[in-house]
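This report describes selected residues, one helix and one pocket. The sequence and the structure come next.

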Amino acid sequence: MRRLALFSAVLLLTGLTVPAEAHRQVRVPGAEYQQLAYLDDLTTTGTVASGHTNPADYAGLTHSGLPQQSGVPGVQIDGYFPDSSRTNTNHGWNHDSQFVIRLPRKWNGGLVVAGSPGVRAQYANDRAISDYVLSLGYAYAATDKGNTGAEFFKDGVRPGDAIVEWNLRTTQLTRAARATVAQYYGRPPREVVAAGISNGGYLVRWQLENHPELYTRGVDLEGTLWTATKNLFTFLPPAIRGYEQQSPALITAAGFDPRSDFLWDYHYAVYWKLTQRIYAAELDPTYVGSEADYDLAQRPQARRAIQRIALTGKIRRPLVTIHGTYDSLLPITQDSDVYAAMARRTGLHSYQRVEAGNHVDGLVDAYPDRLVPLVPLLQRAIRTPS
């Protein structure tokens with residue numbers, strides 16, 4: 001194996017392709033199942049046609065003006081770790097803890113690891129993160145976090161189990177991806193960057209707080225904040241109540257920028273009630289009231305569950321956080337402003353507040369004169385250490 005790894009490294013340095021027989025030797029540690037393919041293009045320009053991504057996973061997360069990369073040949077490994085839940089239907093596997101690892105032929109020595117935003121699957125970051133970092137020469141790995149979809153809360157026994165698994169699966173993939181990269185290229189990565197959007201950004205924060213030994217730095221775009229006193233349960237119910245009572249004052253009092261009011265109809269219809277409902281089902285499954293009436297102060301069982309997933313701000317590697325002032329799902333004043341204050345004392349946190357940025361860039365196409373895309377800033381932060 002050592003001879004093979006050295007041979008692979010020599011071929012890469014000379015600009016040649018690692019031979020097919022080398023590909024068969026690459027094994028992802030801990031994987032129950034894996035499929036390996038050499039592809040002419042690891043970016044979505046190629047993988048959409050070859051079937052090595054799922055556009056539904058990343059729909060709506062980027063705007064049409066985001067530059068499209070192409071022409072990155074290399075190896076893609078798809079597979080899954082042992083797991084008993086079956087919410088992820090990609091590849092017809094009906095098996096959770098699916099992952100994708102991409103190994104470009106021309107490697108810059110780095111690795112980017114991502115967890116999916118929302119409750120999406122492992123290809124959710126393909127346009128926002130994977131395409132870009134592959135074009136720079138980074139290896140890339142992503143996980144579905146161990147459960148997916150609007151009923152993710154059915155995975156586990158105790159309140160909070162599904163979200164606890166998100167963190168465990170990200171750690172598991174990072175360890176496996178580091179070993180896979182070292183196995184394939186013949187040397188370990190010189191840099192490992194944790195990167196993510198929304199729930200994926202939460203994972204970045206948690207990883208840098210709890211497993212700094214695995215990463216050199218991190219970038220989170222509007223990471224979800226979970227603390228005992230600040231979380232989506234403290235601002236979504238009053239926002240929902242304000243919308244249903246036709247009271248903009250209640251919505252702004254919950255933390256939403258009044259200038260983002262043109263986004264509230266959409267977010268009420270698509271995000272606010274659904275998000276409140278499914279996370280209450282995960283962290284407070286005995287609650288039976290309406291989304292608008294939820295009161296965290298009266299739900300001690302929820303507060304106990306939140307403690308299992310809570311952030312502390314005690315990052316131990318450099319972290320860049322980016323968040324838009326028009327975020328109409330996780331308002332900046334209730335999320336990243338709070339986390340920035342928590343992490344400030346470490347001296348490792350850099351914070352970019354972006355005027356008129358929303359939670360997802362897909363809406364930039366609908367409001368090109370009113371919204372600023374954030375994914376380009378995420379990409380720039382991954383490329384350039386703070």
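Contact here means heavy atoms within 4.5 Å. The model is predicted, so local features need pLDDT of at least 70 and side-chain atom pairs count only at pLDDT 80 or more, while totals for chains, interfaces and linings use all residues. Residues are numbered from 1 along each chain as its sequence is written, and side-chain values use heavy atoms, with hydrogens and water left out.

**Asp257**

Leaving aside neighbours within four places in sequence, Asp257 is in contact with Trp264, Thr325 and Tyr326. Asp257 lies in the loop between helix H9 (248-253) and H10. Helices (H or I, at least four residues) and strands (E, at least two) are DSSP runs, numbered from the N terminus. Asp257 counts as buried because its relative accessibility is 14%; buried means under 20% relative accessible area, exposed over 50%, and partly exposed in between (1.4 Å probe, protein chains only). A polar atom of the Asp257 side chain lies 2.8 Å from the backbone nitrogen of Arg259.

**Glu165**

Helix H6 (residues 161-185) contains Glu165, which is buried at 11% relative accessibility. Its side chain makes a polar contact with the side chain of Asn147 (3.4 Å). A polar contact is a pair of N or O atoms within 3.5 Å; within protein, one must be able to donate a hydrogen and the other to accept it, and residues adjacent in sequence count only if both atoms are side-chain atoms. Not counting residues up to four places away in sequence, Glu165 touches Asp83, Ser97, Lys145, Gly146, Asn147 and Asp155. The C-alpha atom of Asp155 is separated by 37 Å from that of Arg105, 50 residues apart along the chain.

**Loop residues**

The table lists further residues that lie in loops.

| Residue | Loop between | Relative accessibility |
|---|---|---|
| Asn94 | strand S2 (74-80) and strand S3 (98-104) | 34%, partly exposed |
| Arg105 | S3 and strand S4 (110-115) | 22%, partly exposed |
| Glu222 | strand S7 (217-221) and H8 | 0%, buried |
| Gln246 | H8 and H9 | 73%, exposed |

Asn94 touches Arg86, Asn88 and Thr89, not counting residues up to four places away in sequence. Glu222 has a phi near 50 degrees, a positive value in a residue other than glycine. For Gln246, also a residue other than glycine, phi is positive and near 55 degrees.

**Helix H11**

In helix H11 (residues 300-307), the buried residues are Ala302, Ala305 and Ile306. They lie on the same side of H11 because they cover an arc of only 100 degrees around the axis, the arc being that of the directions from the helix axis to the C-beta atoms. An α-helix has 3.6 residues a turn, so residues three or four places apart point the same way. Helix H8 (232-244) and helix H10 (264-283) are what the buried residues of H11 pack against.

**The largest pocket**

The volume of the largest pocket is about 400 Å³. Among the 21 residues lining this pocket, Gly118, Val119, Tyr271, Thr275 and Leu329 are the closest to its centre. H10 gives the largest share of the lining, 6 residues. By class, the lining has 14 nonpolar, 6 polar and 1 charged residues. Ala, Val, Leu, Ile, Met, Phe, Trp, Tyr, Cys and Pro count as nonpolar, Asp, Glu, Lys and Arg as charged, and the others, Gly among them, as polar. A pocket is, on a 1 Å grid over the protein atoms alone, an open set of points where a 1.4 Å probe fits, with protein on both sides within 12 Å along at least five of seven lines; lining residues have an atom within 4 Å of a point. Grid points are joined across faces, edges and corners, and a volume is the space filled by probe spheres set on the points.
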